[in-house]
Amino acid sequence: MVSKLLALDAYPNLRDLDFRILRGVELNMRNHRWVPLEDISRFARVDVETASFKLGRLDNWGLVVRRSDIGYIGYQLTIHGYDALAIRALSRKGVVEAISSTQIGVGKDADVYAGISPSGEKIAVKFNRVGGRTASRKASYHGDVFQDKHHTSWLYVSRLIAKKEHEALTLLSPIARVPRSIAWNRHVVVMEFIHGTELANLREADLTGEEADEILSKVLNEYLKIVRFGIVHSDLSEFNVTITDDGDVLIIDWAQHITTDRPESYELLKRDLTVLLNAFRRKWHVDREFEEVWPAFEEAWKRSRGE
Ligand SMILES: Nc1ncnc2c1ncn2[C@@H]1O[C@H](COP(=O)(O)OP(=O)(O)OP(=O)(O)O)[C@@H](O)[C@H]1O
Ligand SMILES: [Mg+2]
């Protein structure tokens, strides 16, 4: 489902005080399910009436939600409010100049939009949506993230996922073909824009068997370098491989990666390769057996662990 970046509609109307109020809601959500109006007004350094008026407008724009049946008046940040805070921070840091409200990538757990950096470079801005539409599935994927913190709010988790992806991209871009990460803030990662097509979007007729075979070799080659380095993707599929316009191959979507020092990375690596090989076999009849590719990957996996 393509979704519009709603925060952008409200964004031009937002003033410093609105951002202070949003930030007051955000910070106090660490301690409150519903943040009391008084706490927000204190944080934003305005009287309660002004805070209440401003929050009413933010509510109309969908950036916060209000509740009054809990014994007091309380507010929560919505994902759109969180988006607005992240966009503001990235703009102030000089990372993002503009974002298009038309979605470029419809992922499982993220919305990706095209943007422009202040120097005119085209960028991809990825907003994590965990806790919104796919909380339960993502919660199982990111079991590690959920476990080591009692506080399992979507704010916290979607932020950790963005940080995790930024870190993987930063480590991997010098050694393999992955998008270069430019910055991250809250639940958002800003990266270099890749002009290309997802492998999943290519039809059978788009590639000859030989071309498909060559692409598969390139993907395996990139992935082998990455495993040797000590990282397993753990969500590798035809949806997370991009073929650029000049035939280059990039592996994207590193939010779920796991390091090879974790023993469960062994089975995840096997699954990644199986899924990938199946995709090429199904669509382009590329006949590459798991047993054929596994020894090199197993060796890389072991070596990365110092075994
Ligand atoms: N750097 C980029 N440049 C251009 N398009 C991109 C870029 N990153 C992602 N996209 C597009 O957005 C889609 C979704 O991105 P991605 O696969 O990273 O997220 P996802 O599947 O929703 O996520 P995740 O599992 O990380 O939550 C991609 O399939 C691709 O079409
Ligand atoms: Mg994806």
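**Exercise 1. The five-stranded sheet**

In β8, the residue that bridges to lysine 126 is valine 189. Starting from this pair in a predicted model, work out which strands it joins, then find the order of the strands in the sheet and the helices that pack on it.

*Solution.*

Step 1. Place the pair. Strand β6 (residues 122-128) and strand β8 (residues 188-192) run antiparallel and are joined by five bridges.

Step 2. Extend to the whole sheet. The order is β4-β5-β6-β8-β7, an open sheet of five strands with antiparallel pairing.

Step 3. Find the edges. β4 (98-106) and β7 (181-185) each have a single partner strand, so one side of each has no neighbour in the sheet.

Step 4. Add the turn between strands. On average, neighbouring strands of this sheet are turned by 25° against each other, direction ignored.

Step 5. Add the helices. Helix α5 (residues 79-92) packs on the sheet and touches β4, β6, β7 and β8. The direction of α5 makes about 130° with that of β7. Helix α8 (residues 154-172) lies across β6, β7 and β8. α8 runs at about 160° to β7.

**Exercise 2. The β4-β5 hairpin**

Determine how many bridges pair β4 with β5, and how many residues lie between the two strands.

*Solution.*

Step 1. Count the bridges. There are five, and the pairing of β4 and β5 is antiparallel.

Step 2. Pick out one bridge. Isoleucine 99 has glycine 115 of β5 as its bridge partner.

Step 3. Look at the connection. Three residues stand between β4 and β5, which form a hairpin.

**Exercise 3. The three-stranded sheet**

Give the strand order of the sheet that holds β1, β2 and β3. Then locate the residue with a positive phi in the hairpin of β2 and β3.

*Solution.*

Step 1. Write the order. It is β1-β3-β2, in an open, antiparallel sheet.

Step 2. Name the edges. β1 (35-36) and β2 (64-67) each have a single partner strand, so one side of each is left without a neighbour in the sheet.

Step 3. Take the pairs in turn. β1 joins strand β3 (residues 74-77) through two antiparallel bridges. Valine 35 has tyrosine 75 of β3 as its partner. β2 and β3 are linked by four bridges, also in the antiparallel sense. Here arginine 67 is matched with glycine 74 in β3.

Step 4. Inspect the hairpin. Six residues separate β2 from β3, and glycine 71 takes a positive phi near 90°.

Step 5. Cover the sheet. Helix α2 (residues 16-28) lies across β1, β2 and β3, at about 90° to β3.

**Exercise 4. Two helix pairs**

Are α2 and α4 roughly parallel or roughly perpendicular? Answer the same for α9 and α11, and list the contact residues of each pair.

*Solution.*

Step 1. Take α2 and helix α4 (residues 48-60). Their axes come within 10 Å and cross at roughly 85°. Angles of 65 to 115 degrees count as roughly perpendicular, so α2 is roughly perpendicular to α4.

Step 2. List the contact. α2 gives Leu17, Asp18, Ile21 and Leu22, while α4 gives Ala51, Lys54, Leu55 and Leu58. By class, six are nonpolar, none polar and two charged.

Step 3. Take helix α9 (residues 209-229) and helix α11 (residues 290-304). The axes come within 7 Å and cross at roughly 25°. That angle makes α9 roughly parallel to α11.

Step 4. List this contact. Leu220, Leu224, Val227, Arg228 and Phe229 of α9 meet Val293, Ala296, Phe297, Ala300, Trp301, Arg303 and Ser304 of α11. Nine of these residues are nonpolar, one is polar and two are charged.

**Exercise 5. Domains and ligand**

Which element gives the most residues to the side of domain 2 that touches domain 3? Which residues are closest to ligand 1?

*Solution.*

Step 1. Set the bounds. The domain assignment gives domain 1 (7-80), domain 2 (94-192) and domain 3 (197-304).

Step 2. Size the contact. Domain 2 supplies 13 residues and domain 3 supplies 15 residues.

Step 3. Find the main contributor. α8 gives the most on the domain 2 side, with six residues. That side has nine nonpolar, one polar and three charged residues.

Step 4. Turn to ligand 1. It is surrounded by 21 residues, the closest being Gly105, Gly107, Asp109, Asp253 and Ala255. β4, β5 (110-116) and β6 each give two or more residues to this shell.

Step 5. Classify the shell. It has 11 nonpolar, four polar and six charged residues. Domain 2 and domain 3 each provide at least three residues of the shell around ligand 1.

How values were computed. Residues numbered from 1 in each chain as written. Chains lettered and ligands numbered in written order. Predicted model: local features only at pLDDT ≥ 70, side-chain atom pairs only at ≥ 80, totals over all residues. Pairing = 2+ DSSP bridges. Axes fitted to C-alpha atoms, helices over the stretch in contact; angles between N-to-C directions. Contact = placed C-beta atoms within 7 Å. Parallel < 35°, antiparallel > 145°, perpendicular 65-115°, else oblique. Nonpolar A, V, L, I, M, F, W, Y, C, P; charged D, E, K, R; others polar. Domains from an automatic or database assignment. Near = placed C-beta within 6 Å.
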